[in-house]
Amino acid sequence: MDSSDDRVYRRLARALRVGLSVSLVLLASGLVLALAAGPPVAEGPAAPLRPAAHASGLLLAGVAVLLALPVVQAVLAAFTYWSQGDRVFGFAAFGLVVIQCLALLAARL
Amino acid sequence: MTFAYALSLAAAAAAGGFLGSLLGLGGGIVIVPLYSLVFGMPVHVAVGTSLVAVVATASSASAAYLGSRVANVRLALVLAVVAAVGALGGGLVGTSLKSVFITGVFGLVLFVVGVLMLVRPEAGPGEGRSPQPAPGCGTGGARGSPAGGLCLAGTYFDPAAGAHVTYRPRSVPAGLALSFLAGGLSGLLGIGGGVVQVPVMNLLLGVPMKAAAATSSHIISLTAVAGAVVYLVRGYVDPFVAAVTIIGVFLGARGGTHLARVLPGRSIKRVFSLVLFYMALRMLARALDLGVLS
């Protein structure tokens with residue numbers, strides 16, 4: 001029978017691999033579309049690059065999936081530890097989820 | 001020039017990802033100075049972009065380390081809670097500070113940690129090697145520890161030593177305080193926090209270097225998002241630059257992770273110290289406006 005740690009290791013590793021793959025596919029697709037759209041409005045190494053509008057959605061989605069991975073990890077850890085009766089680590093993981101979500105609210109202040 | 005610019009950004013990011021994954025730094029320690037000094041980006045944009053890339057680097061490294069059981073998930077979880085609070089605070093403060101202050105703190109932190117890593121031996125108390133893995137947390141065999149009843153002991157197989165390594169973290173309360181500092185520096189400087197987490201775990205908590213680097217990557221993969229979100233929401237992250245950086249970092253990190261598995265911990269430590277001293281010199285020179293060095 002698996003230990004709680006074995007399950008956490010396996011679930012987190014799988015979630016990271018899947019999430020990273022999805023994020024990278026979205027980002028790569030967005031980059032290809034942006035580069036295919038032509039040169040940016042402003043030239044120069046310090047100038048911001050402006051991808052085509054249809055590529056922006058893919059790029060933002062890729063970044064969003066990437067930044068969601070830590071939350072998914074913490075939720076998975078909280079659920080796994082809690083379901084195994086390991087309340088201390090389940091609570092710690094849940095606290096981490098709260099802090100991660102709090103960051104989104106605090107950034108808007 | 002767009003493609004060439006994107007390619008050069010990706011190359012710089014790949015270098016950062018390689019070193020970040022190999023040393024448990026998270027990549028930002030290379031990306032921030034490169035982007036601000038070489039590519040001319042505003043420091044806050046470099047920090048914000050770096051933090052997003054740090055999530056990618058640390059997640060990539062963490063997936064590999066979790067698969068090989070080198071990272072200590074319980075220790076990571078405990079330290080990540082306070083580090084995330086620090087990262088959030090660091091992000092909020094960092095977006096309000098002038099770049100000179102951020103650069104100076106960057107250089108000082110790197111120099112101090114580099115000295116500590118070079119002069120202090122790798123911690124050994126509580127660490128053992130055996131052909132078979134010892135019972136770990138979650139298996140019912142190692143409940144109770146010096147860390148106030150929490151089971152934080154770890155065990156992993158070290159291919160370089162050809163044996164299983166077991167250890168029990170000590171001085172966890174002090175580690176918690178310094179993890180908060182590591183998180184704060186992460187949000188402030190965009191460096192992930194490994195520059196503090198790795199030596200703290202190695203020297204203070206007595207975690208073997210390889211496990212410290214792996215656990216640090218896992219902590220960063222959980223906490224850097226708190227600072228990254230602040231920079232993203234406040235407009236310091238360009239999605240296109242972030243995408244190029246993430247892909248470059250991801251590719252570089254894969255190479256670093258594979259190399260970290262076969263290199264002995266002592267070699268990792270030496271490289272780690274050299275990288276810290278070099279970056280400290282560059283950052284301090286920039287903060288003091290020494291044009292020749294910066």
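Reader: What percentage of the 294 residues in chain B is made up of buried residues?

Author: In this predicted model, buried residues make up 61% of the 294 residues in chain B. A residue is called buried when its relative accessible area is under 20%, and exposed when that value is over 50%. As for the surface of the chain, chain B exposes about 9800 Å², and carbon and sulfur atoms supply 70% of that area.

Reader: How many helices and strands does chain B have, and what pattern do they follow along the sequence?

Author: Chain B has 10 helices and three strands, and, read along the sequence, these elements follow the pattern α-α-α-α-α-β-β-β-α-α-α-α-α. For contacts, one can ask about the positions of the two partners in the sequence: among the contacts in chain B with a separation of 6 or more, 80% are between residues 24 or more positions apart.

Reader: Where does Ser99(B) lie, and is Ser99(B) buried or partly exposed?

Author: Ser99(B) is found in helix H5 of chain B, and Ser99(B) counts as partly exposed because its relative accessible area is 28%, a value in between the limits of 20% and 50%. Distance along the sequence and distance in space can be read side by side here, for Ser99(B) and Ala71(B) are 28 residues apart in sequence and 34 Å apart in space, C-alpha to C-alpha.

Reader: Which helix holds Leu118(B), and is that residue buried or exposed?

Author: Leu118(B) lies in helix H5, residues 99-119 of chain B, and Leu118(B) is classed as exposed because its relative accessible area is 53%, with the limit for that class set at over 50%. Leu118(B) also belongs to a nonpolar patch on the surface, formed together with Phe111(B), Val112(B), Val115(B) and Val119(B), and these residues have about 450 Å² of accessible area together.

Reader: How many residues does each chain bring to the contact, and what area is buried between chain A and chain B?

Author: The contact takes 51 residues from chain A and 56 residues from chain B. About 4500 Å² is buried between the two chains, and carbon and sulfur atoms give 77% of that area.

Reader: How many salt bridges and polar contacts are found across the interface, and which helices of chain A take part?

Author: Two salt bridges are found across the interface of chain A and chain B; one of them joins the side chains of Arg69(B) and Asp6(A), at 3.7 Å from N to O. Six residue pairs are in polar contact across this interface. On the side of chain A that touches chain B, helix H1 (4-36), helix H2 (53-83) and helix H3 (87-107) each supply at least two residues, and H1(A) gives the most, with 16 residues.

Methods: Residues numbered from 1 in each chain as written. Chains lettered and ligands numbered in written order. Heavy atoms only, no water. Patch = residues over 30% accessible without salt bridge, like charges linked within 9 Å, V, L, I, M, F, W, Y side chains within 5 Å. Areas by Shrake-Rupley, 256 points an atom, 1.4 Å probe, with all protein chains shown as cover. Salt bridge = Lys/Arg side-chain N within 4 Å of Asp/Glu carboxyl O. Helix = DSSP H or I, 4+ residues; strand = E, 2+ residues; numbered from the N terminus. Buried < 20%, exposed > 50% of the residue type's maximum accessible area, 1.4 Å probe, protein only. Contact = heavy atoms within 4.5 Å. Buried area = accessible area lost by both parts, 1.4 Å probe. Polar contact = N/O pair within 3.5 Å; in protein donor to acceptor, adjacent residues only side chain to side chain.
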